[in-house]
Structure formats: structure tokens, C-alpha cells
Amino acid sequence: MSQKKESGKKSSTGISYLFSLADHNKKSLNIAIFFSVLSGLCTFVPYMMVFKTILFVFNQTGDMRIAMNYGITATIFIIFRFIFQAISLALTHIGAYNTLYLVRRRISEHIGEINLGFFTDNSSGEIKKILVEDVERIEVFLAHQIPDIVVAIVVPITVFIYLLTVSLPMALILLIPITLTVILQVIMGIIAKPLMPEMSRLLGKLNSVIMQLVNGMPVMKTFNLTADSYQNYSDTIDDFNVFWTSVASKFAPIRGICNVILESGIFFTLPLGGYLYLTDSLDLSSYIFFVIMSIVFLSSYSNLINFVQIFSQIASGIDRIKEVMDIPVIKSGNLTLCDTGNYDVNFNRVRFSYGKKEVLRDVSCCLKKGSLTAFVGASGAGKTTAAQLIPRYWDLDSGTITIDGIPIYNIQNKNLMDLVSFVFQETFILGDTVYHNISIGKTSASKEDIEAAAKAAQIHDFIMSLPKKYDTDLSAEGIKMSGGEKQRICIARAILKNAPIIIFDEATSFTDIENEHKIQLALNNLLVGKTTIMIAHRLHTIVHADQICVFDEGEIKEIGTHHTLLEKGGLYSNMWQTYTSQKEVRAL
Ligand SMILES: Nc1ncnc2c1ncn2[C@@H]1O[C@H](COP(=O)(O)OP(=O)(O)OP(=O)(O)O)[C@@H](O)[C@H]1O
């Protein structure tokens, strides 16, 4: 995540941060942990009854009722174990889903308050990974793994304490395999720690390239390319493969040794128990009991080990969530511009860099209320960036941008968003009805207002041809829209929003005559009386602009009307000549 962050604030990380996010759900999670402890204790009791039964058999007291009582006690505790487990699971699921909801809501609210540039700086694959996968892992962890972890801790500890009361040396010898595996786990932890960031980087990249591959499939097919030919995709898969192979080769031997140690409990209890038995320091029943319990004890302990890996995975996911939550929100101003404002937009010596790369230098221009300003220039000259600075996609390095004489930083964020409409080149269509797609522009709009906006955007006839007209779900099977139709839906949104400042990023595609004519009509309806910036790629569309700002390498090199700039014979005039000669060639 490449946003500038506030430094110095040290706060909790990993699981403790997760619990701080869980907020009031901590209570149900804590109660769930309590029931897990009870369930773990109940797991142990049947083993105790087994021991007592062995003693009974060896002592041969002959009263079968005693053995029966042991059996009944074991059964009751097994039943209670499941009851407590069920209560615990129910509570962890309630706590987990509420936490999930809370975390997703908090992330969404937070990213709604940071610079909009966050979404252009970070690929949708990375953001999706955080919002979907990392958050989803919290559910698995809180709902399923916490109860399992608690049981995995409680059972070996209780069993061990009980074993201490039966035979001190026999219990203590079980600490040898435990100590060996702890040492091996610490070694694995040390090896794993530096690998975790790389693992999440590769996973994020993998998500991102898979999304690109899926989105770009139609284009790839037209070029007869396969997934193998998409170099970035195959490189990322290879990197991932190499990474996991190297991780596996590091961990497999250690993990193997751990498993062998944990499976060989009797290797320790058998000889020592035999010796103690032969020297009359241990009775036969206790000896047999220890041989059985060494297997139970070490296998319940091995469950605990499995959670070490899960812990580090969840912790790195939570750290990524924290990274997003730590991105500072943009400071909102407190002024609100009234509806009847002037809405002149002024750029005054604006400088802006992406990291160290300076892309705008001393940009100054004045956009009068109700006028149309075209931003033209070579690709990468800084046109889009300059326009995006108005609704605070990013904050300026220096200089000011004012609306009606008020610096944008002094205007309330919400008000600023209300003042500006962006019609992007890349259209965004929600998987929802036409009504909802247009009403993004103004959620309180009536159906009549929505239809009026669609009519003004020249898209009403198309909508009426859809199976359910305005109620058609645009993501439904069989609904196909052209690029021009999608763009006119976006224009309808902007018409409905009726913001006084419009930024229109002209699409270079969808250039058929009919569509271009319809878009022009739609724009005539959208732009009337508005302060407009048109980022233009096809110069014939802006010859009537009130002013044209010619961008070159991050600076505005020329400002004027089409005619004055042609007369000047400078940069714009050259661009125009190149453009018209290309058009003539295309027309041939
Ligand atoms: N999010 C970003 N992070 C880093 N650099 C960026 C980002 N967006 C744009 N740039 C760089 O900033 C420079 C200006 O880009 P910008 O998109 O503003 O140019 P443009 O004139 O609008 O180009 P085009 O006509 O191709 O859309 C380019 O060099 C571009 O690579």
C-alpha cells in the first residue's frame, strides 16, 4: 500500500490488534473461550476414568458397580464436552461474524475517507485480497480455530498435571519430546518470519495477475494467446512455485523430525516405565496407563503445533488490514459552498509528484463558471492527474486549487464530492438494475428524475429495449452493452447528480458516428451551465471549447482558444496538424 503514512504511532499488532477490532464482540469471544476451557477439561476426564478402570481391573475388587460408575462418569463428561463445545462454537460464530461485519465496515468507512488515489495506486487484486481473503481468514480463526486452540492448550496441560500426580519421573520424561519440538518450532518460526511478507506479496500479485488474465481474456483470445503467453502471469506462477518449493524444502525436514518425535511417546515411557516397574518404583497399572497417556498427551500437544503456522498466517493478514487502517484519512475542511456559488476553479502554481516522480510543475489556469476547458497534450503529460487533484485524489505538493476562491482543503469532503462529477473513460457498471446504476448519482432521486436523466443522456431508448426496462439487472445473462451505451449510463448518473463542476475524460474508443453524435447530445445536456474540464484525445471534439490548456511534460505550455492557438503556430498547432492529417489518412 503506497500511501504516505503518519509515523511515530506505535500500536498493537497481530492477534491483539484483531481483538481491538472485535470491539464489543470480545465479550462473546471471551465467554466462548471459557466454554472451550470447560470442553477441554471434559475431554480429559474420560482418560482419568480409563486409568481408574485399569486400577480397578488390577485390584480385582470385584464390585462391578464401581467400574460401571467410571463408565457412566466418562460418558457424562463426553456429553458435556460436546455441549460445551457446541456453546463455544455458537458464541465464536456469533462473535466472528459480527467482528467480520465490523472489520469490513471499518475498512470500507476508512477507505472512503482516504485520498481517492489509493484506488489507482493499488491494484484491485490487492484490495480484494485484503477485503475478502484476509478478512475471511478472521472468521475461520475466530469461529473455528480459537475453540480448537483452547482445547489444544487445555488438554495437554491438564493431562500433564494429572500425570505428575501419578508418577513424577514418568511425567517429566514426557517433557523431553516437548522440549525438542519446541526448539524445532522456534527454529521454524525464525525461518518463517522473513518469508511471510514475501508470501503475502506473491499472493497479492497472484490475485492481481489472475484478475488481469480473466479481464483480458477476450483481448488475449483475439491475439490467439494462451495463459502461457501472458508473461507476467506465467512469471508470477513460476515465482510462486519457486517460493513454495524453497519454503517446503526448508520446513519439510524439520516438520518430519517433529512428527517422528511426537509419534514416539512410548519410546520414552516404555524403557523408563519398565525400569521403574522392575525396581518397584511404579506399579503395573500406572505403567500401562502411562504408555497409553504418552500417546494421548503428545498427539493433543501436536494439535497445538499445527496452530503455530495458522497463527503466523492470520497475523500477517491482520497486519495488512492494519496497514490499510493506518493510512491517514484526509483532513476535511469545514466550509460548505452554497448551491448558488460561483464555482470558478483556479489552479495556482500547482506542483504534484507521485512519490519522487514530479508530474505537475507550476500548473496555473482559471476555469470560469459555466465554461468548457479542454486539457490536451501527449499521453503522460499530466492532464488526468491535474483534473483528479480537484476532488482530492491526492494532495498537492505545493500551490493551491480553489473553488469559488476557497482552497479545496478548506471545503468539507462531502461537499467537495457533491461539487464535482467525474465521467471516467473507463466505465463502471454495477451488477444491479438500471435504476440503481443511474441513481448512484443521487440516491434520493425519484424514478421520474432517473428517467429524465436517462433521456437527457440519450440512453432511454436503449433501456426501454431491455427485457425489464429500468428494472433490468445489467449483470444478468444475455444483457450486453456497448462501450458507448455504458458511457451514456455514466453520463446519465452525472446529469442526475447535477454537480456544478464536471470532469469528463473523453473515451478514445466507441467512435462510431451514431454513438459520437449521441454522446455529444448527452454532453450538451450535461454540461450546460457547468464548469467543465474535458480531457480530450480527439481534438475535433473541443474546437469550440472556451479555452484549451496544452499540457506538456507536466506544465501548461499554452492556453487559448482553438483559433488563437492555431494562429500562434506552437505546440497545439502542431498537434492539430498531426491530428487532422491522421484523420485524413483514416478517412481515405
Ligand atoms: N497512480 C500513479 N502512480 C504513479 N505514477 C502515475 C500514476 N498515475 C499516473 N502516473 C504517471 O504520471 C504521469 C502523468 O499521468 P497522467 O495520467 O496524468 O497523464 P495524461 O496526460 O492524462 O495521460 P493520458 O492522456 O495517457 O491519460 C505519467 O507519467 C504517468 O505514468
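Two strands are said to pair if DSSP finds at least two bridges between them. Helices (H or I, at least four residues) and strands (E, at least two) are DSSP runs, numbered from the N terminus. This is a predicted model, in which local features need pLDDT of at least 70 and side-chain atom pairs count only at pLDDT 80 or more, while totals for chains, interfaces and linings use all residues. Residues are numbered from 1 along each chain as its sequence is written.

**The whole chain**

Begin by displaying the entire protein chain, which has 21 helices and ten strands. Of its 588 residues, 31% count as buried (20 or more other C-beta atoms within 10 Å of a residue's own, with C-beta atoms placed from the backbone).

**The annotated spans**

Next, select residues 29-50, 70-96, 146-164, 170-192, 260-278 and 284-304, which the unreviewed UniProt entry annotates as "transmembrane region". Such positions are given in the numbering used here, feature names are shortened, and annotations may be inferred rather than shown by experiment. Within this selection, residues 70-96 are 100% helix and 0% strand, with their end C-alpha atoms 38 Å apart. Residues 260-278 are 95% helix and 0% strand, and 28 Å separates their end C-alpha atoms.

**The sheet**

Now select strand 9 (residues 547-552) and strand 10, which pair in the antiparallel sense over five bridges. Phe551 has Ile556 of strand 10 as its bridge partner. Extend the selection to the open sheet of six strands, whose order is 6-7-8-3-9-10 with mixed pairing. Strand 6 (420-423) and strand 10 (555-560) stand at the edges with a single partner strand each, so one side of each has no neighbour in the sheet. On average, neighbouring strands of this sheet are turned by 20 degrees against each other, direction ignored. Add helix 18 (residues 483-497), which packs on the sheet and touches strand 6 and strand 7 (501-505). The direction of helix 18 makes about 170 degrees with that of strand 6. Here, axes are lines fitted to C-alpha atoms, for helices over the stretch in contact, and angles run from 0 to 180 degrees between N-to-C directions; contact means C-beta atoms, placed from the backbone, within 7 Å.

**The ligand**

Finally, centre the view on the ligand and select Tyr354, Ser379, Lys383, Thr384 and Thr385, which come nearest among the 13 residues around the ligand (C-beta atom, placed from the backbone, within 6 Å). Helix 4 (117-121) and helix 13 (383-388) each supply at least two residues of this shell. Helix 13 gives the largest share, three residues.

Technical notes
Contact = placed C-beta atoms within 7 Å. Buried ≥ 20, exposed ≤ 12 C-beta atoms within 10 Å, placed from the backbone.
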